[in-house]
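Subject: Structure handover and findings

Hello,

Here is the structure I promised to pass on. Please load it before you read the rest.

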Amino acid sequence: MRRPWRFPVWWLVGGVVVALAGAAAIARQSLEQQRSLFETDARIVHRLLSQQVVQHDAMLATLALLQPAPDIEGAAASPEQRLPVLYPQILRVQRRDPDERWSDALLTQAETLSRQTRRAALGALDLTQGRYQLVLAATPTSYALTIDLRAMVPWPEWPMKADTSPVRVTLEHAGQRYVVQAGAPAADAPARGWRFDFHKLLAAESQPFDVVATRAVGWGQLPWGGMLAWTLGVAALLAALHHLQRQRSARRRAEELLRLGQVARLNTLGELAAGMAHELNQPLTAVLANTQAAQRLLQEDPPELTTARDAMLQAAAQARRAADVVGRLRQAVERPDRSGQHQPVAAVEAVRRALYLLEPECQRREVVPVLDATQAVTVLADPVALDQIVHNLILNALQALEQVPPAQRRLTLTVSTRGARADISVADSGPGIAPEVLPRLFEPFFSTREGGLGLGLSLCETLAQGMGGALSAANAPQGGAVFHLQLPLATGTS
């Protein structure tokens with residue numbers, strides 16, 4: 001059974017970081033856009049209300065300049081009497097003629113302040129009811145306006161929908177507050193989130209009301225759709241990149257396996273040719289010796305027939321020729337001397353390369369290899385031959401583990417040093433090696449597997465010996481088999 005497909009941990013961590021960073025950037029951009037829109041609307045509100053209060057100052061200044069005409073019967077109505085008709089926010093216009101008094105002491109105080117500052121001044125102020133008075137001292141007649149704040153707001157030009165906008169707008173002065181736009185109800189305000197604020201006095205010194213605009217943005221108002229789309233996009237990109245990486249890794253693994261397979265076939269061919277030459281050389285040598293003996297016998301008295309002697313001579317010549325042919329065959333196919341190719345090789349890296357190439361085989365057999373290497377060990381070896389030996393030993397261990405249940409399968413690889421030699425051991429929890437098989441394990445053409453050539457371990461032993469090392473096998477005390485590959489340490493390595 002193949003293990004489930006999983007991302008490496010660093011891929012997951014990187015993906016989470018990128019997804020969170022992108023989502024945070026999207027949320028921040030959305031908040032900045034909402035803040036910018038809020039500030040734009042607040043500035044428009046301030047400008048509109050400032051225009052209104054400046055207009056009130058202009059009205060009072062106009063009235064002061066005109067001054068009332070004499071009270072003649074049939075004369076036209078005074079200008080102040082027409083203001084409430086023309087301007088709905090003007091609830092009432094009052095005036096104080098010479099030798100008269102205001103009916104309200106607050107108006108008297110406001111007129112005194114107006115004379116001192118030479119501009120209109122606030123009289124009675126009741127922002128909770130949305131009303132206030134504005135007084136301008138003039139000679140001979142002073143004027144006072146009673147203004148309705150609700151009617152003062154130019155709703156047709158208002159930048160927001162007052163009944164649905166989440167922005168709260170108030171006019172504040174001297175501890176009093178008038179709610180121009182209620183905004184989101186208090187019950188709907190988020191407990192946690194972001195708050196936008198705007199404060200600015202109206203552009204009229206006579207009516208120093210502070211325009212206060214606020215808006216609360218909760219987590220639910222973030223662009224979760226865009227953030228989710230970004231996260232899914234990152235996940236899809238990571239999946240595609242990981243798939244491409246897996247394809248590249250699989251292709252490299254296949255190429256490396258092909259290279260090792262080609263080297264193994266060449267080495268096996270050399271081993272096979274050497275074995276055949278060894279097996280044929282002995283009978284051919286015997287034939288040669290027998291024919292030479294026969295030749296000597298035929299030359300003794302009584303003399304043999306000339307034909308027999310010539311036949312034996314011809315047989316001897318053919319035997320020599322066969323021996324020469326076999327010798328040339330062995331020389332042609334025998335592995336070249338690789339002693340000059342020995343070089344320092346990191347033993348742990350060789351084991352890791354073999355595990356990487358055999359990773360699919362381990363997954364298919366549900367085996368999790370354990371590499372025990374507490375120190376860096378450098379050996380003097382042929383890198384290709386070392387890779388081939390370790391590869392064959394691990395593959396043999398995996399094939400042995402197929403004979404036990406998955407839950408009992410263990411594969412441990414240990415890299416250590418013993419004196420001047422390095423020891424690479426491959427231990428499995430398989431059925432072990434039968435006692436009668438153990439002495440013949442490295443013999444050429446000996447195999448316990450059906451269809452096996454019996455050259456794999458023999459070749460590994462030959463390669464190990466060619467590098468000045470040794471290969472041995474034994475049954476582990478706790479069960480299973482363990483193979484030890486010993487190689488000389490590189491100079492300067494302990």
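Below is what I found, starting with the sheet and ending with the salt bridges and a surface patch.

One caution first: this is a predicted model.

**The sheet**

The sheet is open and has 5 strands. Their order is 10-12-13-15-14, and the pairing is mixed. Strand 10 (370-372) and strand 14 (470-475) form the edges. Each has a single partner strand, so one side of each has no neighbour in the sheet. From one strand to the next, the twist averages 15 degrees.

As a reminder, strands of a sheet pair through backbone hydrogen bonds, and the pairing can be parallel or antiparallel. Here is how individual pairs work out.

- Strand 10 and strand 12 run parallel, joined by 3 bridges. Leu-371 has Leu-413 in strand 12 as its bridge partner.
- Strand 12 and strand 13 are antiparallel, with 8 bridges. Leu-411 is partnered by Asp-428 in strand 13.
- Strand 13 (residues 421-428) and strand 15 (residues 481-488) are also paired in the antiparallel sense, over 7 bridges. Asp-423 sits opposite Gln-486 in strand 15.

One backbone detail is worth a look. Strand 12 and strand 13 form a hairpin with 2 residues between the strands. Gly-419 in that hairpin has a positive phi near 70 degrees.

**Helices on the sheet**

Which strands does helix 9 touch? Helix 9 (residues 383-401) packs on the sheet and contacts strand 12 (411-418), strand 13, strand 14 and strand 15. The direction of helix 9 makes about 20 degrees with that of strand 13.

Helix 10 (residues 456-466) lies across strand 14 and strand 15. Helix 10 runs at about 135 degrees to strand 14.

Take Ala-400 as a sample position in helix 9. Is Ala-400 buried or exposed? Its relative accessible area is 19%, so Ala-400 counts as buried, the cut-off being under 20%. Leaving aside residues up to four places away in sequence, Ala-400 touches Asp-428, Gly-430 and Pro-431. Ala-400 and Asp-428 are 28 residues apart along the chain, and their C-alpha atoms are separated by 7.8 Å. Asp-428 is also the bridge partner of Leu-411 noted above.

**Salt bridges**

The count is 12 salt bridges. I looked at one group in detail. Distances are for the closest N and O atoms.

| Pair | Distance |
|---|---|
| Arg-365 and Glu-361 | 2.6 Å |
| Glu-402 and Arg-365 | 2.8 Å |
| Arg-364 and Glu-402 | 3.9 Å |

The Arg-364 and Glu-402 pair passes the 4 Å cut-off. Arg-364 lies in helix 8 (residues 359-364), and Glu-402 lies in the loop between helix 9 and strand 12. The pair therefore ties together parts that are 38 residues apart in sequence.

Glu-402 also forms a salt bridge with Arg-365. This pair likewise links distant parts of the chain, 37 residues apart. Arg-365 is in the loop between helix 8 and strand 10. Shared partners join Glu-361, Arg-364, Arg-365 and Glu-402 into one network.

How do the members sit with respect to the surface? Arg-365 is buried, because its relative accessible area is 6%. Glu-361 is partly exposed at 26% relative accessibility. Arg-364 is partly exposed at 44%. Glu-402 is partly exposed at 40%.

**A surface patch**

Which residues make the nonpolar surface patch of about 280 Å²? Val-9, Val-13 and Val-17 do. Val-9 belongs to helix 1 (residues 9-66). Val-9 counts as exposed because its relative accessibility is 63%, and the exposed class is over 50%.

**To recap**

The sheet has 5 strands in mixed pairing. Helix 9 packs on the sheet, and helix 10 lies across strand 14 and strand 15. Glu-361, Arg-364, Arg-365 and Glu-402 share one salt-bridge network. Val-9, Val-13 and Val-17 form the nonpolar patch.

Best wishes

Notes: Residues are numbered from 1 along each chain as its sequence is written. This is a predicted model: local features need pLDDT of at least 70, side-chain atom pairs count only at pLDDT 80 or more; totals for chains, interfaces and linings use all residues. Side-chain values use heavy atoms; hydrogens and water are left out. Patches are made of residues with over 30% relative accessible area and no salt bridge: like charges are joined within 9 Å, nonpolar side chains (Val, Leu, Ile, Met, Phe, Trp, Tyr) within 5 Å. Accessible areas come from the Shrake-Rupley method with a 1.4 Å probe; for residues, only the protein chains shown count as cover. A salt bridge is a side-chain nitrogen of Lys or Arg within 4 Å of a carboxyl oxygen of Asp or Glu. Helices (H or I, at least four residues) and strands (E, at least two) are DSSP runs, numbered from the N terminus. Buried means under 20% relative accessible area, exposed over 50%, partly exposed in between (1.4 Å probe, protein chains only). Two strands pair if DSSP finds at least two bridges between them. Axes are lines fitted to C-alpha atoms, for helices over the stretch in contact, and angles run from 0 to 180 degrees between N-to-C directions. Contact means heavy atoms within 4.5 Å.
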